[in-house]
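Good morning, colleagues. I should like to take you through one structure today, beginning at a hairpin and working outwards to the sheet, the helices and the charged side chains.

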Amino acid sequence: AAYDWHSADDNRQAAAELRAATPVERYRAIIFVENTAVGYTIEEATPWGLRLYLGKVIYGIPWLAPHGGEALCHALHNQGRALVVIDPDLGPKAIEPALAQCPGKVTELGTWRKDVLKLVEL
């Protein structure tokens with residue numbers, strides 16, 4: 001019975017949804033950009049379990065923190081190709097200046113659970 005029961009906090013469903021919505025072979029990491037300056041919110045909002053189910057590096061960026069844009073560029077430069085998941089309360093336009101500072105090819109991939117998805121390849 002234990003093999004068939006999964007906690008509501010388990011990220012299996014989220015991984016399956018992302019796998020269906022995005023070309024997972026095209027990115028090495030997933031970067032969650034959250035509308036917060038608080039590190040605790042990042043810990044609570046970021047589905048860290050996706051690393052287990054998708055085999056991808058996971059980042060959580062508190063966008064409103066003093067160096068949110070720099071943190072995003074740093075993560076992109078570390079990985080080269082990443083799926084950027086943008087908090088709907090923030091909106092994709094908010095991160096455009098940061099993406100211009102770390103130029104690369106940006107492809108819109110639609111939405112996932114109301115978050116905006118962008119594939120960024122440096």
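**From a hairpin to the whole sheet**

Let us start with the hairpin formed by β4 and β5, where two residues lie between the strands and one of them, Arg 113, adopts a positive phi near 50°. Please bear in mind throughout that this is a predicted model.

The two strands of this hairpin, β4 and β5, run antiparallel and are joined by seven bridges. Within that pairing, Thr 107 is placed opposite Leu 119 of β5.

The hairpin belongs to an open sheet of five strands, whose order is β2-β1-β3-β5-β4 and whose pairing is mixed. Which strands form the edges? They are β2, residues 57–62, and β4, each of which pairs on one side only. From one strand to the next, the twist averages 20°.

Towards the other edge, β1 and β2 pair in the parallel sense, over six bridges. There, Glu 34 faces Pro 62 of β2 across the pairing. Helix α4, residues 68–79, packs on the sheet and touches β1, β2, β3 and β5. The direction of α4 makes about 165° with that of β2.

I turn now to helix α1. This helix lies across β1, β3, β4 and β5, and it runs at about 125° to β4. Which residues of α1, spanning 12–21, are buried? They are Ala 14, Ala 15 and Leu 18. These three lie on the same side of α1, because the arc they cover around the axis is only 100°. As a general point, an α-helix has 3.6 residues a turn, so residues three or four places apart point the same way. The partners of the buried residues of α1 are β1 (29–34), α3 (50–54), β3 (81–86), β4 (105–112) and β5 (115–121).

Just beyond this helix, in the loop between α1 and β1, we find Val 24. Is Val 24 buried or exposed? Its relative accessibility is 18%, and the cut-off for buried is under 20%, so Val 24 counts as buried. Setting aside residues up to four places away in sequence, Val 24 touches Leu 18, Arg 19 and Lys 56. Its C-alpha atom is separated by 12 Å from that of Val 84, which is 60 residues apart from Val 24 along the chain.

Next, the charged side chains. How many salt bridges does a search of the whole structure find? The search finds four, and I shall discuss some of them.

One of them brings us back to the hairpin: Glu 17 forms a salt bridge with Arg 113, with the closest N and O atoms 2.7 Å apart. This pair links distant parts of the chain, since Glu 17 is in helix α1 and Arg 113 is in the loop between β4 and β5, 96 residues apart. Glu 17 counts as partly exposed because its relative accessibility is 26%. Arg 113, at 48%, likewise counts as partly exposed.

A further salt bridge joins Lys 118 and Glu 108, whose closest N and O atoms are 2.5 Å apart. Lys 118 lies in strand β5 and Glu 108 in strand β4, so this pair ties together parts 10 residues apart in sequence. Lys 118 is buried, because its relative accessible area is 3%.

Also among the salt bridges is that of Arg 12 with Asp 10, where the closest N and O atoms are 2.8 Å apart. With a relative accessibility of 42%, Arg 12 counts as partly exposed.

Finally, two acidic residues deserve attention. Asp 115, in strand β5, is buried yet has no salt bridge. Which side chain of opposite charge is nearest to Asp 115? It is Arg 113, at 7.5 Å. Apart from neighbours within four places in sequence, Asp 115 is in contact with Val 85, Ile 86, Asp 87, Pro 88 and Gly 110.

The second is Glu 34, in strand β1. Glu 34 is also buried without a salt bridge, and here the nearest side chain of opposite charge is again Arg 113, 11 Å away. Apart from neighbours within four places in sequence, the contacts of Glu 34 include Ile 42, Ala 45, Ile 61, Pro 62, Trp 63 and Asp 87.

Thank you; I should be glad to take questions.

Technical notes. Residues numbered from 1 in each chain as written. Predicted model: local features only at pLDDT ≥ 70, side-chain atom pairs only at ≥ 80, totals over all residues. Heavy atoms only, no water. Buried < 20%, exposed > 50% of the residue type's maximum accessible area, 1.4 Å probe, protein only. Helix = DSSP H or I, 4+ residues; strand = E, 2+ residues; numbered from the N terminus. Arc of directions from axis to C-beta. Contact = heavy atoms within 4.5 Å. Pairing = 2+ DSSP bridges. Axes fitted to C-alpha atoms, helices over the stretch in contact; angles between N-to-C directions. Lys, Arg positive; Asp, Glu negative; His and termini not counted.
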